[in-house]
Amino acid sequence: MAEYRRLPTITQLRHLVALADHRHFGRAAAACFVTQSSLSASIKELEKVFGRILAERTKRHVMVTPMGASAARRARAILTQVEDLVDLVQAGNTPLGGELRLGVIPTIAPFLLPRILPTIRRAHPGLGLYLGEAQSADLVDGLERGKYDLLLLAFPYDCGAAKTEIFADDSFWVIFPGGHPFADKEWLTAAELGGEDILLLGEGHCLRDHIRAACALETASGDTEFAATSLHTLVQMAANGIGLTLLPKMAIDAGLLRGTGLQARPLTGAGAARGIGIAWRATSPRAEEYLLLGGYLRDELATPAIARSG
């Protein structure tokens with residue numbers, strides 16, 4: 001008979017990952033919804049199972065040992081696989097059933113989700129959809145760490161080892177105040193924007209890179225000093241005559257320009273649109289469900305806008 005070997009529990013692995021993330025017993029315990037003493041006892045028991053010290057404790061802080069950090073990385077991967085297993089079993093034969101943690105970038109979330117969520121809820125009342133909004137880099141990291149099951153992103157964007165499906169184009173429109181010479185044109189090219197002050201989002205927003213590529217911008221006047229944190233801020237800056245900006249069509253269709261007096265013209269040429277798509281872990285067993293959800297989003301984006309400003 002093989003010798004009995006003690007193995008760590010799922011709870012102990014979760015506590016180890018939380019401690020590695022927060023480097024503080026109190027914050028890690030709060031993240032796991034347990035008391036600090038319970039989490040400390042769990043880590044000590046895990047150290048007995050491994051026969052190694054995982055964290056060095058002082059009165060002021062916690063330092064995870066190199067072995068503890070390595071174990072936490074493996075534990076994170078194991079927990080993600082366990083969650084994928086639960087998803088597979090719970091979903092059964094019911095498409096888009098059970099929980100789904102969706103991460104969305106801020107230049108998509110407020111403009112597309114209100115349009116499509118009622119339809120998804122009616123079609124799949126058993127779906128527990130949990131939403132998180134963050135920049136692309138944080139979302140991709142969260143996907144790899146198991147924080148999210150699925151991401152709704154703008155492309156091109158490097159998603160690492162994740163699987164991706166791009167299902168729609170979202171064109172860029174040039175935004176300018178009334179009375180600008182661009183008002184006499186039906187559309188604009190990147191060359192015509194040369195010499196204009198182009199307002200962009202701040203560093204970290206993928207839309208910033210997409211617009212720079214579309215306009216062939218190396219730098220932009222006002223780019224650093226007036227970098228904005230949201231599309232709403234960009235619109236207000238443009239309305240106050242600080243410069244021109246570009247918006248994705250879905251934001252215009254959502255009424256972002258309403259009441260501003262700003263006008264919009266489509267940008268033409270190579271790269272004058274961003275791709276809209278989804279990304280998920282290659283190990284996830286729910287790829288067919290994610291593609292089904294992507295189909296709802298594709299169909300919604302294909303619906304003509306009722307009205308357009310300018």
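Which residues lie nearest the centre of the largest pocket? Here are a few notes on this predicted model, starting with that pocket and working inwards.

1. **The largest pocket.** V17, E83, R145, G146 and K147 are the residues nearest the centre, out of 15 that line this pocket. The helices α1 (10-22), α2 (25-32) and α4 (66-91) each give two or more residues to the lining. Of these, α1 supplies the largest share, with five residues. The pocket holds about 470 Å³ of space. If you sort its lining by class, you will find seven charged, five nonpolar and three polar residues.

2. **The second largest pocket.** This one offers about 290 Å³ of space. It has 14 lining residues, and T80, L143, E144, R145 and R281 are the ones nearest its centre. The elements that contribute two or more residues here are α4 and α6 (136-145). Helix α4 gives the most, six residues in total. The classes come out as six charged, five nonpolar and three polar. One residue to look for when you turn the model is R145: it is among those nearest the centre of the largest pocket, and it is also listed among those nearest the centre of the second largest pocket.

3. **The chain as a whole.** It may help to step back here. The protein chain has ten helices and eleven strands. Its C-alpha atoms fill a box of roughly 85 × 50 × 30 Å along the principal axes. The chain has 310 residues, and 46% of them count as buried. About 16100 Å² is exposed, with carbon and sulfur atoms supplying 53% of that area. Among contacts with a separation of 6 or more, 76% are between residues 24 or more positions apart.

4. **The nonpolar cores.** In soluble globular proteins, nonpolar side chains tend to be buried together. In this model, the largest nonpolar core has 74 residues. Those with the most contacts inside this core are I108, L152, L153, L231, L246, L267 and I276. L153 is a good residue to click on: leaving aside neighbours within four places in sequence, its contacts include I105, I108, L139, V140 and I276. S136, C159, G275, G277 and A279 are also in contact with L153. A second, separate core has 15 residues, including L19, F25, L54 and A71.

5. **The largest cavity.** Rolling a probe the size of a water molecule over the atoms shows where empty space is left. How many cavities of 30 Å³ or more does the structure hold? There are two. The largest has a volume of about 60 Å³. Its lining is made up of I105, P106, T107, Q135, S136, L201, G204, H205, C206 and L207. By class, that is five nonpolar and five polar residues, with no charged ones. Two of the lining residues, I105 and S136, are also contacts of L153.

6. **The second largest cavity.** About 30 Å³ of space lies here. The lining consists of L102, L113, I116, I120, L152, L293 and L297. Two elements give two or more residues to this lining, α5 (109-123) and α10 (287-301). The largest share, three residues, comes from α5. All seven lining residues are nonpolar, with no polar and no charged residues. L152 belongs to this lining, and it is also one of the residues with the most contacts inside the largest nonpolar core.

7. **E300, a charged residue to check.** Is E300 buried or exposed? E300 lies in helix α10 and counts as buried, because its relative accessibility is 18% and the cut-off for burial is under 20%. Not counting residues up to four places away in sequence, E300 touches L112, R115 and I116. I116 also appears in the lining of the second largest cavity.

8. **Q263, also buried.** Q263 lies in strand β10, residues 262-268. Its relative accessible area is 19%, so Q263 falls under the 20% limit and counts as buried. How far apart are Q263 and G179 in space? They are 9.2 Å apart, C-alpha to C-alpha, although 84 residues separate them in sequence.

Key:
Residues numbered from 1 in each chain as written. Predicted model: local features only at pLDDT ≥ 70, side-chain atom pairs only at ≥ 80, totals over all residues. Heavy atoms only, no water. 1 Å grid on protein atoms, 1.4 Å probe; cavity = no way out; pocket = protein on both sides within 12 Å on 5 of 7 lines; lining within 4 Å. Points joined across faces, edges and corners; volume = space filled by probe spheres on them. Nonpolar A, V, L, I, M, F, W, Y, C, P; charged D, E, K, R; others polar. Helix = DSSP H or I, 4+ residues; strand = E, 2+ residues; numbered from the N terminus. Buried < 20%, exposed > 50% of the residue type's maximum accessible area, 1.4 Å probe, protein only. Contact = heavy atoms within 4.5 Å. Areas by Shrake-Rupley, 256 points an atom, 1.4 Å probe, with all protein chains shown as cover. Core = buried A, V, L, I, M, F, W, Y, C linked by side-chain atoms within 4.5 Å.
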